[in-house]
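Hi,

Here is the structure I promised to pass on. Have a look at it first, and then read on for my notes.

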Amino acid sequence: MSRDHVQSAERSAAEAPPAALTGVETPFLELLARGASADAYEQPVLLARAEGRPAETIGALERAKLLALRVRAELEGRRRREAELSALFETAHDLAGLRDLDAVLRAIVQRARSLLGTDVAYLSLNDPERGDTYMRVTEGSVAARFQQLRLGMGEGLGGLVAQTARPYVTDDYFKDGRFQHTRTIDAGVRDEGLVAILGVPLMLGHHVIGVLFAADRRARVFEREQIALLGSFAALAAAAIDTANLLTETRSALAGLERANEIIRDRSAVIERASDVHDRLAELVLRGGGVHDVAAAVSQVLDGTVEFTEAADTAAAPLEASRAEGHAVRHEDDWIAAVTAGGELLGALVLRGHPGLDPVDQLTLERAAMVTSLLLLARRSAADAEQRVRGELLDDLLDARDRDPRLLRERASRLHADLDSTHVVLAARLDGPAADAEQEAAARRRLGAAASHLAATRHGLAAARDGGTVLLLPLTGDDTATGLARRTARHLGTAVHEPVTVGASAPVRDLAAHPDHVAAGYAEGRRCLEALRLLGRAGDGAAAEDFGFLGLLLAGDRDIAGFVDRTIGQVVAYDERRGTDLVRTLDAYFTCGMSPARTKDALHVHVNTVAQRLERVGRLLGDDWQDPARALEIQLALRLHRLSAPAQH
């Protein structure tokens, strides 16, 4: 039906006397009562035509349909305004009850973000002395540089709003040339990952005192009603800042909102119940509740048992039907509401043993599913952001030696990591067969996610590197690099359901002062990883200490100095400190077939001197230094040490 036709029909319906609708309005009233979709209002007309009803009856049904749709649109508008009024009412209530300005501003930013459904919301205030505007409160932000931004008047979208006292909105910040881009501001926005930004001025009289923002990390078009709503929050924020001057007006507005809220409750018990559900869910979101908290809250409202289930654990047919229709679907005695986001199926909310469900309760379950999807996305976004930050810090440790130790410690501390403790660098790589490049990429993503989760729980760091993953994990208690490597291989393999091979470095220390130790440890861990693969031990974990001289034979980059240092380094260091001759004694001992008598002749010393020196060697190298395997490694290290020493002239 054309627009002109609809408008003509609406005028005819408006001009027709009430008697013209007698007997035909009943089906439309029923549709209004159960909150049916707009498409459902065509059914009575189509049915009348199919039954061959008279043209007058069909015309009357058409007019009744249009009037019913107008009533439906008015009810929808009132519901939306009720939600906005409720949020504004709560904010105004905070202004009347709270005396902490920061708490009020945080509440405003949190509610603005929740109601507009954005990733981030933030508020900046003007600094008259410096002539710029600075960030005061943020909600949903993860980037430190963004949280400390200062914008000159006219710089960036916020600076333009502060300068012109007009709201500005952009659906793609970096492609918008209406405002002045600066390197500092763009870097902060890029760190935060923002794309679409809406900013409205905070006004006191004719003066701008700051800007209230709502922003998304994806392209988005903000509707006019959303801009107006954010403007309302901006007005409340300005009122909080100037409470002394506007307290009377705020209380008056509060009283008016309370009266309006009472009128809304009196008009419809349905709207009151929906408002109660909205309040509960909004409170859960604002205080950082989880998915199971939402399920528990809805269980109380619906007087039943509501559970969040994974997609794999939910009946497939009704779950897919709910996903396609966007509504809760009945399945036997249960109701299933799909939890989706951007076409991705995240799970479901299931109302157990409650076959009789009225439309209001069904809508409540659907709203709870939507809130659940937002919480899951927020949790994923936070996890992704933390994973990115941990990877960036580890990349900096691996790639750059000249770093400020204080800054490195501060960055690590924000991630609950301690660079002053002893760590092990682990190189991990998948060893399962991949059918194609896409499956291999997916497996690497799973490995990266599992490694990041392990690093977060162990107060370490993780990053993707060289087709695999590198981890920096603390070494605690009596743990060894070998034990940590094996446990990490088992943990990651179980998480990704594929064999994961892990090579570990020797313990590394003083990473803030010496970040080059991380790069050296990573090189050592990769050599261990390659040695494991060459030995056919895919899916296992090992450290440099496990291979001895075999590591030199198997590794592509021969670490001769490292092998010598690990094997006889303590004896060499003792000679250098004390001016003793333990290395020469040890070499002569092996040359003489491990005979003290022949050794004393070769060195021209007393046999007791040989015994004392060998006893000192045992204390430095351990009681097992004469075991065949250790003795072989020590002899090889002595030979390499002698060959690498400068020639004596």
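Before the cavities, a word on the term: on a 1 Å grid over the protein atoms alone, a cavity is a set of points where a 1.4 Å probe fits but cannot get out, and a lining residue has an atom within 4 Å of a point. Grid points are joined across faces, edges and corners, and the volume is the space filled by probe spheres set on the points.

Please keep in mind that this is a predicted model: local features need pLDDT of at least 70, side-chain atom pairs count only at pLDDT 80 or more, and totals for chains, interfaces and linings use all residues. Residues are numbered from 1 along each chain as its sequence is written, and side-chain values use heavy atoms, with hydrogens and water left out.

**Overall picture**

The protein has 24 helices and 15 strands; these are DSSP runs numbered from the N terminus, with helices being H or I of at least four residues and strands being E of at least two. Of its 649 residues, 44% count as buried, where buried means under 20% relative accessible area, exposed means over 50%, and partly exposed is in between (1.4 Å probe, protein chains only). If you take contacts (heavy atoms within 4.5 Å) between residues at least 6 apart in sequence, 61% of them join residues at least 24 apart.

How far can you trust it? pLDDT is the predictor's confidence in each residue, from 0 to 100. The mean for the protein is 79, and 81% of the residues reach 70 or more. Among the elements, strand E4 (residues 168–170) has the highest mean pLDDT, 93, and helix H1 (residues 3–15) the lowest, 47. Residues 1–7 stay under 50, and the model gives them 4 contacts beyond four places in sequence. Residues 12–21 are also below 50, with 11 contacts beyond near neighbours in sequence.

**The second largest cavity**

There are 5 cavities of 30 Å³ or more in the structure. The second largest has about 120 Å³ of space, and 14 residues line it. Lying nearest its centre are Tyr122, Leu151, Gly158, Ile185 and Phe213. Strand E1 (120–127), helix H7 (156–164) and helix H8 (183–192) each put at least two residues into the lining, and H7 has the largest share, with 3. What kind of residues make up that lining? They split into 11 nonpolar, 3 polar and no charged; here Ala, Val, Leu, Ile, Met, Phe, Trp, Tyr, Cys and Pro count as nonpolar, Asp, Glu, Lys and Arg as charged, and the others, Gly among them, as polar.

Two of those central residues turn up again among the aromatics. The structure holds 7 aromatic pairs, meaning rings of Phe, Tyr and Trp (its six-membered ring) with centres within 6.5 Å; planes under 30 degrees apart are stacked, over 60 edge-to-face, and the rest tilted. Tyr122 and Phe213 are a stacked pair because their ring centres are 4.4 Å apart and their planes at 15°. This pair links distant parts of the chain, with Tyr122 in E1 and Phe213 in strand E6 (residues 207–216), 91 residues apart. Both Tyr122 and Phe213 are buried, and together with Phe146 they form one aromatic cluster.

H8 is also worth a look. Its buried residues are Ile185, Asp186, Ala187, Gly188, Val189 and Glu192, and what covers them includes E1, H7, helix H6 (144–147) and strand E3 (150–152). Right after H8 comes Gly193, with a positive phi near 75°.

**A few single residues**

Most residues other than glycine have a negative phi. His459 has a positive one, about 60°. It sits in the loop between helix H16 (437–457) and strand E12 (461–465), and its 42% relative accessibility makes it partly exposed. Asp466 has a positive phi too, near 50°; Asp466 lies in the loop between E12 and strand E13 (468–474) and is partly exposed at 44%.

Arg411 is in helix H15 (residues 405–414). Is Arg411 buried or exposed? At 19% relative accessibility it counts as buried. Leaving aside neighbours within four places in sequence, it is in contact with Glu392, Leu393 and Asp396.

Finally, Leu636, in helix H24 (residues 628–644), is partly exposed at 30%.

Cheers

Methods:
On a 1 Å grid over the protein atoms alone, a cavity is a set of points where a 1.4 Å probe fits but cannot get out, and a pocket is an open set with protein on both sides within 12 Å along at least five of seven lines; lining residues have an atom within 4 Å of a point.
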